[in-house]
Amino acid sequence: MVDERSRDWEYKMSFMAATEAEEEAGAAAAEIHLPAEVDWEMLDKWRFFVMGAALFSGVSATLYPAVVLKTRLQVAQPPSPCLRAAANILRHEGLRGFYRGFATSLAGTIPARALYMGALEATKSAVGAATLRLGVPETAASVAASAAAGLSAAVAAQVVWTPIDVVSQRLMVQGSAAAAAKYRGGVDAFKKILYSDGIRGLYRGFGMSILTYAPSNAVWWASYSLSQRLIWGCIGYHMGGGGELKPGHGTVVAVQGVSAAVAGGTSAVVTMPLDTIKTRMQVLDDGGDRMTIGRTVRSLIKEGGWRACYRGLGPRWASTSLSATTMITTYEFLKRLSAKDGSFPGLGSGGCC
C-alpha cells in the first residue's frame, strides 16, 4: 500500500525525526546531513515508468506465492499447518499453484495504484495547507497530512482493488476444497461472479476491505515514522560528540528498509483478524447464502476460537514486511537508474529538513 511518490517526503522526515529525538534526549549527538536526492524534476519520466513497471512486477512476482499460501490458510477447513499446506500445493499443483490469479492481480495494480497516488497527493496537499494555516508546526502538519492521505488513498484504491481482489482470491483457492466454483481464468471468473451475484458479488467484503486497509495504512505510516525516529536517534547518539555525520545512500536506504520491515510486520499483526474476515467473505459461500461479518466471525470462532483469525499470519507477516522493504529499496534504486544524464552529479549534503 505504500506510495512511491511519498518516499521523498519520508526520506526527509526520517532525518527530522532523528533531530527531534536528539533534542529530547539532550545528548551531544552528531549532526546528521542528508545525501543528495533525485527529485521528480531530475527523472527521465519514460525511463522511470517503463523500468518501474518491470521492477515492481518482478517484486510482485517474487512475493505472490506467500499471498497465495496466506489465502489458502485463511479459508482452509479444517485448518492446515503452514508448511504442510505449502507442500500440498507444490505436490498436487506444482509451482503454477503458487501463481494462480497472478495475471489478474498484476493487471489490477495499475489503475489501483493510480487512484492511490492521486488521492494521496491531493489529500496530502489539501490537509497540509489547512493545518499550516491553523498554525500547526510544520513537522506535525506533515505527519497529520500523511496520515489523512494514507487513509483516503486506501479508500480510493479499494474502488478498483476490491473486484480484482475477489477474482484473484477465487483463483488462488482453485484446486483446494475451499473453491466455491471452477474457473478457467480471470475473465471467466469475472463473468461467472457477475452473472451469479451481480455487481455486489464483485464488491464482496468492500466494507471489510476499507476497515482492513484504512487502519493498516495508518498503522504502517505511524510505525514507519516511529521506527525511523528511533533508529536515527540511536545513530546520532552513538556517533555523538558534537560532530557531523554524513551517511551515504546505502546507509539511508538500509535505515528505510529496516523501518519499512518493522512497519509492515506491525501492520500485519494488528490487522490480521480483519484481513482473515475479509478474505473469507470474498471467497467462501455459506450454503449459497451471502457471507456477512457476523456469520464469518462466528464460523471462525467455532472452528478454532480467536486463534483462527490469525491463520496465515506467518506468510502475511513475511509478505508484508518483505514487500514494504523491497518496495522502498527498489524505488530508491529506480530513481537513480532513471535520473536524467547530468542531473545527478553525486552525493552531497543537506540539512535535516
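This is a selection-by-selection tour of a predicted model.

**Helix 6**

Select residues 186-202, which make up helix 6. A straight helix of 17 residues would span 24 Å at 1.5 Å a residue, yet the end C-alpha atoms of helix 6 are only 12 Å apart. Centre the view on Ser 196: helix 6 has a kink of about 105° there. Now colour the buried residues of helix 6, which are Asp 188, Ala 189, Ile 193, Gly 201 and Leu 202.

**Thr 162**

Keep Leu 202 displayed and add Thr 162, which touches Leu 202. Thr 162 belongs to helix 5. Its relative accessibility is 0%, so Thr 162 counts as buried. Leaving out residues up to four places away in sequence, the other contacts of Thr 162 are Tyr 203, Arg 204, Phe 206, Ser 209 and Gln 282.

**Met 281**

Arg 204 leads to the next stop, since Met 281 also touches Arg 204. Met 281 is in helix 8, and it is buried because its relative accessible area is 9%, below the 20% cut-off. Beyond residues up to four places away in sequence, Met 281 also touches Gly 205, Met 208, Met 291, Thr 292, Ile 293 and Thr 296. Then draw a C-alpha to C-alpha distance from Met 281 to Val 75: the two are 206 residues apart in sequence and 9.7 Å apart in space.

**The largest nonpolar core**

Select Tyr 116, Trp 220, Tyr 224 and Ala 260. Of the 14 residues in the largest nonpolar core, these four touch the most other members. Two or more residues of this core come from each of helix 4 (102-133), helix 5 (138-172), helix 7 (206-238), helix 8 (249-283) and helix 10 (313-337). Helix 5 gives the most, with 4 residues.

**The aromatic cluster**

The whole structure holds 4 aromatic pairs. Select Tyr 64 and Tyr 99, a stacked pair at 6.1 Å centre to centre with 20° between the planes. Tyr 64 is in helix 2 (residues 45-75) and Tyr 99 is in the loop between helix 3 (82-93) and helix 4, so the pair ties together parts 35 residues apart in sequence. Tyr 64 is buried at 5% relative accessible area, whereas Tyr 99 is partly exposed at 35%.

Add Phe 102. Its ring centre is 5.1 Å from that of Tyr 64 and the planes are at 70°, so this pair is edge-to-face. Phe 102 lies in helix 4 and Tyr 64 in helix 2, so the pair ties together parts 38 residues apart in sequence. Both Tyr 64 and Phe 102 are buried. Show Tyr 64, Tyr 99 and Phe 102 together to see one aromatic cluster.

How values were computed:
Residues numbered from 1 in each chain as written. Predicted model: local features only at pLDDT ≥ 70, side-chain atom pairs only at ≥ 80, totals over all residues. Heavy atoms only, no water. Expected span 1.5 Å × (residues − 1). Bend = angle between axes of the 7 residues up to and from the residue. Buried < 20%, exposed > 50% of the residue type's maximum accessible area, 1.4 Å probe, protein only. Core = buried A, V, L, I, M, F, W, Y, C linked by side-chain atoms within 4.5 Å. Contact = heavy atoms within 4.5 Å. Phe/Tyr/Trp six-rings, centres within 6.5 Å; stacked < 30°, edge-to-face > 60°.
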